[in-house]
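Q: Please take a close look at one loop of this chain and the surroundings it leads to, and explain them in connected form for a reader who has not met the structure before.

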Amino acid sequence: EGKPATMSFIRTSHFRHVFGKELPKESWYEGIQGAGVSAPDSNLVACNSKYFALAWKGGGGPFVVHPLTCTGKLERIVDKEVNPCSVFNGHSMAVQDLDFSPFHETVIATASEDSSVRVWNFEGKLSHTCAMEQDQGADISVELKGHSKKATLVRWNPVASHVVLSASFDATARIWDASAATESLCVTLDDTAQHLSWSYDGSYFAAATKDKKLNLYDPRTGGVSAKFDGHAGSKGARVCFLGKTNMLCSTGFSRQSDRQLFLYDVRAPSTPVHISETTIDQSSGSLMPFYDTDTNLLYVAGKGDCTVRYYEIVDNQPHIHYVDQFSGKDPQRGLALCPKGVVDTSACEVARFLRLCDDKLVPVSFTVPRKSEQGNDDLYPDTFAGSPALTSEEWLAGKNATPKLTPLSEAGKLNTFVLPKSNDTTLKAPTSKSAAKAADPPPQ
């Protein structure tokens, strides 16, 4: 199941025998209190090389940021007494999505049912070696307010510093400059976004929308640059650019409720149909795609499943080759792909995920079986450097660039991020022509 037809000859690949396994229980995070949080369009958990974050149960819109080094039960010890885990709480309603800045390890963006997006800088409030000692409020964040309905998705640009993309039930996608707490651009979508993904160079984004379409947008021009036919089923679709390739992946459902994985060639917008189709199974949970550019491996995990399937993406037909699947004991509610800097290169680990189950977060390691004397340099090409290639001003002015790369040993040396001095939530008027058009969102 979930295996596309392939040629009978043996392919040459470093990753044909990758296998996944849960790390030992002492590496788990337990006492998770997020089971009541409902965010169908979100992966529910996010991480960077030092911390993970997830929405938490409670009044308002609390969420937790916790150091990866602090395994075990999420709690804090105050005066020798065990207390609940400290939270961030600045939203008035539940957090729907979270995303760490790719360039600043203590910065995270959140989208909430209260229609706002917030950018938080917890530098000095939380150490990467111990849990946060007390709750934090809105004073360490700036509010990005412009959506008129529930904000459901938030994504940092992978190339330009401080550029944030968000989507809402108001059928708009908005670009924010977090360094100034201003809305820079606004794009009116054809329908409500179910998922968003930036392209590899951050010059445009893809949106899977409720009208079963998959559209590409350059927000700096305000228009649709390409339209593709999506999945025929009515359940939520997701979208993921496949790194440096010219392909785009989407997951969704057929009219008969089969779970599907489509690949599209973004260079051929005149051909709106997919170039590859894989039928997975008939389970009901939405499929979450994750792509590792360094290994060309596409990981696909279903909400409510116990498995993570993974495929190798290649340039020639059939473009996708099934590799294997990881199977755990407990169903997953969400998943986060860790940055490459956390992998254990001595064990030939090529990817690590955090797998969110009902009351725990379980690290899952994907490894290439290899004898130690073989070496492993060929498994680790230059990777994402963790520093921006453009400023927000350069990107908004129309400049493009590819992500900065560096040897893995140098990755993740992050910059300093400063929130605007004023926490004034009154935003400047949008600067784009498209923003003016989107001032009155279409009725839902």
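A: P102 is found in the loop that runs between strand 9 (95–100) and strand 10 (107–112). The model is a predicted one, and the values below are computed from it. With a relative accessibility of 23%, P102 counts as partly exposed, because the class of buried residues is reserved for values under 20%. From P102 a link leads to a distant part of the sequence: S161 is 59 residues away along the chain, yet the two C-alpha atoms are 8.7 Å apart in space.

S161 has its place in another loop, the one between strand 13 and strand 14. Its relative accessibility is 8%, so S161 counts as buried. Leaving out residues up to four places away in sequence, S161 touches F103, H104, P388, L390, T391 and S392. The loop of S161 therefore meets residues from other stretches of the sequence, F103 and P388 among them. For the chain as a whole, residues 24 or more positions apart account for 58% of the contacts with a separation of 6 or more.

The strands on either side of S161 belong to a sheet. Strands 13, 14, 15 and 16 form an open sheet of four, in the order 13-14-15-16, and the pairing is antiparallel. Strand 13 (151–156) and strand 16 (182–188) are the edge strands, and each of them pairs on one side only. From one strand to the next, the twist averages 20°. Strand 13 and strand 14 (residues 163–168) pair over five bridges in the antiparallel sense. One position within this part of the sheet can be picked out: V154 stands opposite S166 in strand 14. Strands of a sheet pair through backbone hydrogen bonds, and the pairing may be parallel or antiparallel.

The strands that follow in the numbering supply a second example. Strands 17 to 20 form an open sheet of four strands, in the order 17-18-19-20, again with antiparallel pairing. Strand 17 (193–198) and strand 20 (223–229) stand at the edges with a single partner strand each, so one side of each has no neighbour in the sheet. Neighbouring strands here are turned by 20° against each other on average, direction ignored.

How is strand 17 joined to strand 18, and by how many bridges? The two pair in the antiparallel sense over five bridges, and L196 stands opposite A207 in strand 18. Six residues lie between the strands of this hairpin, where G202 takes a positive phi near 65°. Strand 17 is mostly covered, since six of its six residues are buried. The next pair, strand 18 (residues 205–209) and strand 19 (residues 213–218), runs antiparallel and is joined by four bridges. Within it, A206 has L216 in strand 19 as its bridge partner.

Another loop residue can be set beside S161. Q136 lies in the loop between strand 11 (116–121) and strand 12 (141–145). Its relative accessible area is 9%, so Q136 is buried. Apart from its neighbours within four places in sequence, Q136 is in contact with V87, F88, N89 and K125. The C-alpha atoms of Q136 and S86 are separated by 7.8 Å, although their positions lie 50 residues apart in the count along the chain.

Some further loops hold backbone features of note. Most residues other than glycine have a negative phi, and most peptide bonds are trans. Q317 and P318, however, are joined by a cis peptide bond with omega of about 5°. P318 is placed in the loop between strand 27 (307–313) and strand 28 (320–327), and H319 lies in that loop as well. H319 is not a glycine, but its phi is positive, at about 75°. With a relative accessible area of 10%, H319 is buried. N296 also has a positive phi without being a glycine, in this case of about 60°. The place of N296 is in the loop between strand 25 (287–292) and strand 26 (297–302), and with 31% relative accessibility N296 counts as partly exposed.

These parts belong to a chain with two helices and 33 strands. Buried residues make up 57% of its 444 residues.

Technical notes. Residues numbered from 1 in each chain as written. Predicted model: local features only at pLDDT ≥ 70, side-chain atom pairs only at ≥ 80, totals over all residues. Heavy atoms only, no water. Pairing = 2+ DSSP bridges. Axes fitted to C-alpha atoms, helices over the stretch in contact; angles between N-to-C directions. Buried < 20%, exposed > 50% of the residue type's maximum accessible area, 1.4 Å probe, protein only. Contact = heavy atoms within 4.5 Å.
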